[in-house]
Amino acid sequence: MLRRKLLVILGPLVALLLVMAVAAILLLQGVLSDLEHINTQAWKAEEHASQLSEHIGQIEVELYELQLGRQHRLDPLIDTVESARTLVNQLGESYVVRNESPGGAGNHYARLRETWPVFQTHVSTLATVPDQAVARAHSDAALSLALSLRQDILPLSRAIHAHAHEEQEALVRWMRWLVLGLAIVFLLVINAAVLLLLRVGAMVLSPIDKLVKASRELAAERFDYRVSVDQNDEFDELARAYNQLAGALQANERRRLETLGHVATTLNHELNNAMAMIELQLQLLARRAAEGLGEPMEKCLRRIHEGLERMAKTVEALKHIKRIVLTDYAQGMKMLDLRRSTEEEEGGAPCRDAGGPAGGEAGAGDLGATEPAVGLPPGLLPPGGSAPEAAADLGTSPGAVPGTKPDPAEDGPRGLPSARETGDSIVLPAAPVDRAAPGQDARSAEGRVPVP
Amino acid sequence: MTRARELETTRMRNTWRALVLVFVALSAGAVVWALRMPRPGRAADGEPGPVPPPAHTLRLGIIPERDIFAQRQRYRALADYLAARLGRPVEIQAVNSYEAVLQDLRDRKVEGAFLGSLVATMAVDQQGARVVAKPELLGGGSTYRGVIFVPDGSPVRKLEDLRGKRVAGLRLTMAGHLFPMYEFDRAGLSAEGASTAEAASGTVSATAAGAPRFVWVGTHDDVVREVFAGRADAGAAKNLRLDDFERTHPQYKVRRLALSHPAPEGALLMRGDVPAAEVDALAAALLGMHADPEGAKALQRFGAVRFLPCLADEYRPVRAMIEALGAAWTRSLETPPRPRPTLTIYPLTRPTSAPGRAASSPVAPPAVPPPAPEAVLPNSPPPSRAPQP
C-alpha cells in the first residue's frame, strides 16, 4: 500500500522527467538536423558553386594545354568537364535553388543550366579542332559563355550564402529560445519534484513521529495513550499494532493491580482473623488487668493493641492500592510505599519508584517505625479515642478492629469459619459488627465478632 | 489480510518488472537512435586526380570520332566489362586527334586502340598492328561509309560545284580526309592537300586555289555543325554520324553528293608486340560479350549488338583509295596543319592605363571577326550524348 502510494506519486514524476528528457532530446536532435541540413544543403551548395567556378578555370587551363600541344590526352579535360556538370546538377538539387523566388537563385541556375551544354559543346570542339579560324570562333564563344557562367555562378553563390546565413541565424535564435524554455521547464519540474518528495517524506515521517511519541508514552507507563494514523497503509497497521500493545500492557497492569488487590484481600482476611483472635484475648486480659493485674500489664496490652491496629490498617490499605509506588527499604531493597500507592496521582504512572524514605516517614511495614507510614484514608481512622477505647466502645465486640473501614463486600465467613478452621479455642462474641458505619455500635448487630 | 498482502506484493513485483522492461526498451532505443544519427557530412571531394595506372593495366586508345564526352562514356562501359572479364584494369585513353592515337601506338603508350578505317590501315601497314574485332552496331551492320554532303538549300548540286568552296573535313579519317580527296581528284578538283590558310594566303597555284579548301575540325559531329553553322560550304563525314544528326535535327535537311565504299567501323587493333595470349584473351572477351548478360548490358551502353571478327583484308577499299591518290595523299600527310591558335583571353574592351593613351599589351590581339553564331545550331536541341538505337 505504501509502495503503491509511492509508485503513484513518484511514477508520474519519473514519467514526466522521462518524457521531458525525450522531448528535449528530440528538440535538440531537430536542431542538429537543421544544422546538418544547413551544412549539407546550404553551405554545400555554396561550396559547389565555388568549385564550379574553379572547374571552369581548370577547363580553360586544360584547353590551353591541348592547344599549345603540351598534351593530347583528353581525359583530364573530360574529367574536369564531367565534374563540373555533376556540380551543376548538384546545384540544381539544392533546395535553395529550387525556390522559385523572382530574381533569386532559381533564375541564375536556370540560365546556368541552359548555358552549360552550349559551353560544353564549344569545349569539345576546341579540344579537337585544328583549324585556326574555327578554333578562334569557338574560342570566342567559349570564353563568352564561360564569362556568362561565372556571371550566373557568382550571384547564385551569393544567394545561397545569404540564404544559408539567414537559416543559420534563425537556427541560432531558435536554439536560444529552446535552451531558455528547456531550462525554465526543467526548473519547474525540479521544483515540483522537490515538493512531491517533501510530501512523500511527510507521508513517511509523520506517522513515524506519532509512533515514536507513542513509544515514549509507553515507556513512561502511560498505557492509555493511543496512536491514530489514517493513511491506509503499513503505518496504519503499525499504529494498530502499537495500540494493541498498549492495550495489552494496560490490561496487564490492571491484572497486576487486581492480583495485588486479591493478595491484599487474602492477607486481610487471614490476618484479620488472627488479629481478631488476639484482640479478643487482649480484651479479656485487659478486663482481668483492670480487675487486679495492675497498670504495667495494662500498658503492655495497650501497646499490643496499638500494634494490632497498625497491622489491621496496613492490611486494609493493601486493598486500596491504586498504583505501585516503591521506596527504598534497606540494602538496595525496595518496598511498597502504601501511602502513595493508595493516593490518586494526576497523570502519574501507575507504577513508579518514590525514592528513599522521606524524613519522618517510613514505608508501610517498616518494623522500626513508631509511626505508621501508611496514610490511611479518612474512612479508616477510628471515629474517636484510641484503639482500646474504641475497643471498649465496641463493648462486647473486642475482636473488632477499630479504624478499619468495613467493607461489606469483604464480609463473609472469614471470621468465625476461619477461627474454627485454625482450630482456636476462642469463643467469639455472638454478633458481628456492621462496618459500613464506623462508630456504629458493633453490638447493635447480632452480637457477632466484627469481621474486618 | 495475509492474502491481500500477498496480492499487493505480487502486484508491486509485476509493476517493478514492467518498469525495468520499459527502462531496458528505452535504453535500447536510445542506443539505436544514437547509432543511426547522421554523421557529420563530409565535404564532397572532387574527382581524384590522375593516378598512374598499375603496370598490368590494359590501355586502349579511342579516336575523337564524335562528342568527346559521349565517346568516352561509351567506351568506359566496355572497359568496365573487359576489366571484370580479364581480371586486370582496363583504361580508356581519349586523345584529341587521330594522329595522336597513332603516335600513342607508336610510342607504346597504349597497347591497342579502337581506330577508324584509315588509321587502322596505317597502323597495320606502318606498325604491324593486329586487327582483333569490330562492333556490330545497334542499327545493324559493322561498316560505315564516307559521305560528302551539303545543306539541302545549298546551290551545290554536284562535286564540281565545290570548286573554291570550303569543305569541312577530319584529318586522317577515311570519310573526312581520304574519301573527299579521292572524290575531288576524280572530279578534277584536286585539293593537293592544301590547307585553308595556304589557299587563303595565295601561296598555292590558282588551279590549286580553285580546289575545295579543307576546314579541318575535330570530330565528325563538328563537320556537320560547321556546315550548318555556315563556316563550311560542304562537309565530309561518316554517314553514321550524319544520319544521327538528321534524326536529332529533323529540321535540317542534307543533300548527299558522294558516298564511299563501306569500311570496318571502329575496330580494335592491338600492337604487334603485344603477346598473342593477351590478344586472344581480349578477342575472346569481345567476341563472347553478347552471350554474357553483363556483356550484353555493356554492349547496349556502347551502342552495339556484338563484336565480330575483323580481318585486315576488309580495309581493301581504303588501301585502294590511298593507292589511287598516290603522291597527293602522301603530300597531304606530310603537310601538317597550322598550329592551333592559343586560347588567348582578352577582354573586348580594356581600360587604358592613362586617359587618352591607346591600350597596349605585350601581345596585340589579332583582328577578331565578329563572334560567330552559337556552336550549337539555333533552334536545335542539345547534341545527343548517347548513341541512338
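This is a short walk through a structure with chains A and B, starting with chain A. One caution before we begin: the model is predicted.

Chain A first. Chain A holds 10 helices and 3 strands. Along the sequence the order reads α-α-α-α-α-α-α-β-β-α-β-α-α. There are 452 residues in chain A, and 42% of them are buried. Now take contacts in chain A between residues at least 6 apart in sequence. Of those, 68% join residues at least 24 apart. On the outside, chain A exposes about 23,300 Å². Carbon and sulfur atoms supply 59% of that area.

Let me pick one residue, Leu6(A). Leu6(A) sits in helix 1 of chain A, which covers residues 2-67. Is Leu6(A) buried, partly exposed or exposed? Its relative accessibility is 24%, so Leu6(A) counts as partly exposed. The cut-off for buried is under 20%. Leu6(A) also has a partner from far along the chain. Leu197(A) is 191 residues away in sequence, yet the two C-alpha atoms are separated by 9.7 Å. Setting aside residues up to four places away, Leu6(A) touches Gly11(A), Val200(A) and Met203(A).

On to the nonpolar cores. The largest one has 90 residues. Which of its residues touch the most other members? Trp116(A) and Phe119(A) do. Helix 5 of chain A, residues 132-219, gives this core its largest share, 13 residues. Look at Phe119(A) in detail. Beyond its neighbours within four places in sequence, Phe119(A) contacts Ile56(A), Ile59(A), Ala142(A), Leu145(A), Ala146(A) and Leu149(A). A second core stands separate from that one and has 51 residues. Val101(B), Ala123(B), Tyr315(B) and Ala328(B) are among them.

That brings us to chain B. Strand 1, residues 58-62, pairs with strand 2 of chain B in the parallel sense, over 5 bridges. Within that pair, Leu60(B) stands opposite Ile92(B) of strand 2. How does the chain get from one strand to the other? The path runs through helix 2 of chain B, residues 68-86, as a right-handed β-α-β crossover. Strand 2 of chain B spans residues 90-94, and 4 of its 5 residues are buried, so the rest of the structure largely encloses this strand.

Next, an open sheet in chain B. Five strands make it up, in the order 8-7-9-6-10, with mixed pairing. Which strands stand at the edges? Strand 8 (213-216) and strand 10 (254-259) of chain B do. Each has a single partner strand, so one side of each lacks a neighbour in the sheet. From one strand to the next, the twist averages 30°. Inside the sheet, strand 6 (residues 146-151) and strand 9 (residues 234-238) of chain B run antiparallel, joined by 4 bridges. There, Ile148(B) stands opposite Ala236(B) in strand 9. Helix 8 of chain B, residues 220-228, packs on this sheet. Helix 8 touches strand 6, strand 7 (166-169), strand 9 and strand 10, and its direction makes about 160° with that of strand 9.

Last stop, Glu265(B). Glu265(B) lies in the loop between strand 11 (263-264) and strand 12 (267-270) of chain B. Is this glutamate buried or exposed? Glu265(B) has 4% relative accessibility, so it counts as buried. Its contacts, leaving aside neighbours within four places in sequence, include Glu65(B), Lys134(B), Tyr144(B) and Lys238(B). Pro135(B), Leu137(B), Ser142(B), Thr143(B) and Leu240(B) are also in contact with Glu265(B).

How values were computed: Residues are numbered from 1 along each chain as its sequence is written. Chains are lettered from A and ligands numbered from 1 in the order in which they are written. This is a predicted model: local features need pLDDT of at least 70, side-chain atom pairs count only at pLDDT 80 or more; totals for chains, interfaces and linings use all residues. Side-chain values use heavy atoms; hydrogens and water are left out. Buried means under 20% relative accessible area, exposed over 50%, partly exposed in between (1.4 Å probe, protein chains only). Helices (H or I, at least four residues) and strands (E, at least two) are DSSP runs, numbered from the N terminus. Two strands pair if DSSP finds at least two bridges between them. A crossover is right-handed if, with the strands pointing away from the viewer, the path from the first strand over the helix to the second runs clockwise. Contact means heavy atoms within 4.5 Å. A nonpolar core is a set of buried Ala, Val, Leu, Ile, Met, Phe, Trp, Tyr and Cys residues joined through side-chain atoms within 4.5 Å. Accessible areas come from the Shrake-Rupley method with a 1.4 Å probe; for residues, only the protein chains shown count as cover. Axes are lines fitted to C-alpha atoms, for helices over the stretch in contact, and angles run from 0 to 180 degrees between N-to-C directions.
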